[in-house]
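Visitor: Please take me closely through the strand pairing in this model, one bridge at a time where that helps, and then follow it outward to whatever it touches.

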Amino acid sequence: MYKIKNFFDNDDVKVIDSLGAFSVIEYQRDLSVMPETAMMAYYASQMNVRKRQVVCDVSKSNVTVQAGAMQWTAGKVDATTGIKGVGDFFGKAMRGSVTGESAIKPEYTGNGTLVLEPTYKHILLVDLADWNGSIVLDDGLFLACESTLKHKAVMRSNLSSAALGGEGLFNLGIQGHGIVCLESPCPREELVEITLENDVLKVDGNFAIAWSGSLDFTVERSGKSLIGSAASGEGLVNVYRGTGKVLLAPVR
């Protein structure tokens with residue numbers, strides 16, 4: 001039995017989102033300041049630069065988090081590697097090496113509370129039911145998810161994409177039924193959601209932060225020829241084809 005005081009009931013703490021096992025809290029003001037930093041803290045708060053944390057109710061679901069993301073736990077919460085045998089270990093190590101994510105993401109089980117490290121980034125809670133059970137993430141967005149979800153390395157549709165785009169060949173894909181928690185550079189209010197039905201989206205730059213696993217992702221010339229690309233003033237563009245959704249950040 002445990003009780004937590006001056007956390008959810010703190011008048012400086014606001015729950016801004018909740019879904020599945022996850023709740024997102026936001027500190028309305030930074031009260032831990034000195035006179036020399038008070039002005040910066042005040043204007044940061046006015047510009048929506050605030051600390052945010054994810055609180056996980058492990059009794060609702062086992063939770064998998066990015067390595068090093070845990071800040072504290074209360075109650076019966078046990079941390080495991082989430083590895084289910086030698087084959088699973090080598091699969092996760094290989095996936096981590098190609099996606100740039102941590103090879104081993106700890107899994108927390110039990111019936112207590114898990115609180116993740118605070119961040120100034122914006123937290124997105126995504127239900128994979130809204131993405132037809134599959135989402136692909138840009139590098140560095142994954143923070144946590146319900147452990148029922150499966151992770152895999154998703155390769156670009158053509159091998160030349162990585163060389164042309166100057167990016168990695170693989171992205172982290174998450175599949176199944178459950179909630180995933182992302183760290184976004186932009187708030188949800190500014191993200192542009194584009195739904196494709198057997199159509200194509202071309203993006204000049206790395207502005208897509210997530211897209212449906214059903215879409216083909218390639219990097220191509222913006223025009224049909226080198227001369228056409230030069231005439232348009234663009235070079236290479238990220239291309240998403242098929243049926244699914246894409247989340248675009250207005251700035252990166």
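Guide: Let us begin at Thr-80, whose bridge partner in S7 is Glu-107. This is a predicted model, in which local features need pLDDT of at least 70 and side-chain atom pairs count only at pLDDT 80 or more, while totals for chains, interfaces and linings use all residues. Residues are numbered from 1 along each chain as its sequence is written, and side-chain values use heavy atoms, with hydrogens and water left out.

The link between Thr-80 and Glu-107 belongs to the pairing of S6 with strand S7 (residues 107-110), an antiparallel arrangement held by four bridges. Strands here are DSSP runs of E with at least two residues, numbered from the N terminus, and two of them pair if DSSP finds at least two bridges between them. Following the order S6-S7-S4-S11-S14-S9, one passes through an open sheet of six strands with antiparallel pairing. Strand S6 (77-80) has a single partner strand, as does strand S9 (122-127), so each of these edge strands is left with one side that has no neighbour in the sheet. On average, and with direction ignored, neighbouring strands of this sheet are turned by 20° against each other, the axes being lines fitted to C-alpha atoms and the angles running from 0 to 180 degrees between N-to-C directions.

A further open sheet, again antiparallel, contains five strands in the order S1-S2-S3-S8-S5. Its edges are strand S1 (13-19) and strand S5 (70-74), each of which has a single partner strand, so one side of each lacks a neighbour within the sheet. From one strand to the next, the twist averages 25°. Within this order, strand S2 (residues 22-27) and strand S3 (residues 52-57) run antiparallel and are paired over five bridges, and one residue pair that can be picked out there is Phe-22 with its bridge partner in S3, Cys-56.

Cys-56 deserves a closer look, for its relative accessibility is 0% and it therefore counts as buried (under 20% relative accessible area, with exposed meaning over 50% and partly exposed in between, for a 1.4 Å probe and protein chains only). The closest cysteine sulfur to that of Cys-56 lies in Cys-181, at 7.2 Å, which is too far for a bond. Taking a disulfide as a pair of cysteine sulfur atoms within 2.5 Å, the count comes to zero. Another cysteine, Cys-186, is also buried, and its relative accessible area is 2%.
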